[in-house]
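Biologist: I've got a model open on my screen and I'd like to learn how to read it. Can you walk me through it?

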Amino acid sequence: PDELLRYYAQSESQKFWVNTILKKTGEKRQASILIPNLERIQTLVQERGKSPKSLLDVGAAGGAFLSAWKERYPQTDLIAIEPGEDAAQKCRDQGI
């Protein structure tokens, strides 16, 4: 378990993913993945007549989903779980 945690928290792979891949594909990923997912969850919430007080994102990467959610629901408390140190820092930098 410690080696796995170390891999996800500090590996060159996760640093490359956060600092290269997410930066280069951010707009495309937002349009093709993030916004459709956000809208699907928003629809489910509305159909059930709910107003979420908090939202948990496990594997939050750089916090893009939670940031987009916060734009629509600013009253929501956001919680990000992200083992990658660089990605977790991006979440913290955004106040997540």
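Biologist: In what order do the elements run from the N terminus on?

Modeller: They go α-α-β-α-β-α, which comes to 4 helices and 2 strands. Helices (H or I, at least four residues) and strands (E, at least two) are DSSP runs, numbered from the N terminus. Before we go on, some ground rules: this is a predicted model, where local features need pLDDT of at least 70 and side-chain atom pairs count only at pLDDT 80 or more, while totals for chains, interfaces and linings use all residues. Residues are numbered from 1 along each chain as its sequence is written, and side-chain values use heavy atoms, with hydrogens and water left out.

Biologist: What box do the C-alpha atoms fill?

Modeller: Roughly 45 × 30 × 20 Å, taken along the principal axes. There are 96 residues in the protein, and 29% of them are buried. Buried means under 20% relative accessible area, exposed means over 50%, and partly exposed is in between (1.4 Å probe, protein chains only).

Biologist: How do I read two packed helices?

Modeller: Two packed helices are described by the angle between their axes and the distance between the axes. Here the axes are lines fitted to C-alpha atoms, for helices over the stretch in contact, and angles run from 0 to 180 degrees between N-to-C directions. Angles under 35 degrees count as roughly parallel, over 145 as roughly antiparallel, 65 to 115 as roughly perpendicular, and the rest as oblique.

Biologist: Let's try helix H1 and helix H2. At what angle do their axes cross?

Modeller: At roughly 30 degrees, with the axes of H1 (residues 2-10) and H2 coming within 5 Å. H1 and H2 are therefore roughly parallel to each other. In this pair, Tyr7, Tyr8, Ala9 and Gln10 of H1 meet Glu12, Ser13, Gln14 and Lys15 of H2; contact means heavy atoms within 4.5 Å. By type, these residues divide into 3 nonpolar, 3 polar and 2 charged. For that sorting, Ala, Val, Leu, Ile, Met, Phe, Trp, Tyr, Cys and Pro count as nonpolar, Asp, Glu, Lys and Arg as charged, and the others, Gly among them, as polar.

Biologist: And H2 with H3: which way do they lie?

Modeller: H2 and H3 (residues 64-72) pack at an angle of about 50 degrees, with their axes 10 Å apart, and are therefore oblique to each other. H2 passes H3 in a right-handed crossing. A crossing is left-handed if the near helix is turned anticlockwise from the far one by less than a right angle, and right-handed if clockwise. Contact residues include Leu38, Ile41 and Val45 of H2, and Phe65, Ala68 and Trp69 of H3. The contact of H2 with H3 divides into 9 nonpolar, 2 polar and 2 charged residues.

Biologist: What does H2 do with H4?

Modeller: The axes of H2 and H4 (residues 85-93) come within 7 Å and cross at roughly 55 degrees, so this pair is oblique too. Among the residues making the contact are Lys15 and Lys23 of H2 and Glu85 and Asp86 of H4. The split is 2 nonpolar, 2 polar and 5 charged.

Biologist: Which residues touch the most other members of the largest nonpolar core?

Modeller: A nonpolar core is a set of buried Ala, Val, Leu, Ile, Met, Phe, Trp, Tyr and Cys residues joined through side-chain atoms within 4.5 Å. The largest one has 13 residues, and Leu38, Leu55, Phe65, Leu66, Trp69, Leu78 and Ile96 touch the most other members. H3 gives the largest share, 4 residues. In H3, Phe65, Leu66, Ser67, Ala68 and Trp69 are buried, and the buried residues of H3 pack against H2, S1 and strand S2 (77-81).

Biologist: Is Ile41 buried or exposed?

Modeller: In between: Ile41 counts as partly exposed because its relative accessibility is 28%. Outside its neighbours within four places in sequence, Ile41 is in contact with Phe65 and Trp69. Ile41 and Trp69 are 28 residues apart in sequence and 9.9 Å apart in space, C-alpha to C-alpha.

Biologist: Last one: what should I look for in backbone angles?

Modeller: Most residues other than glycine have a negative phi. Ala61 has a positive phi, near 50 degrees. Ala61 sits in the loop between strand S1 (54-58) and H3, and is partly exposed, at 22%.
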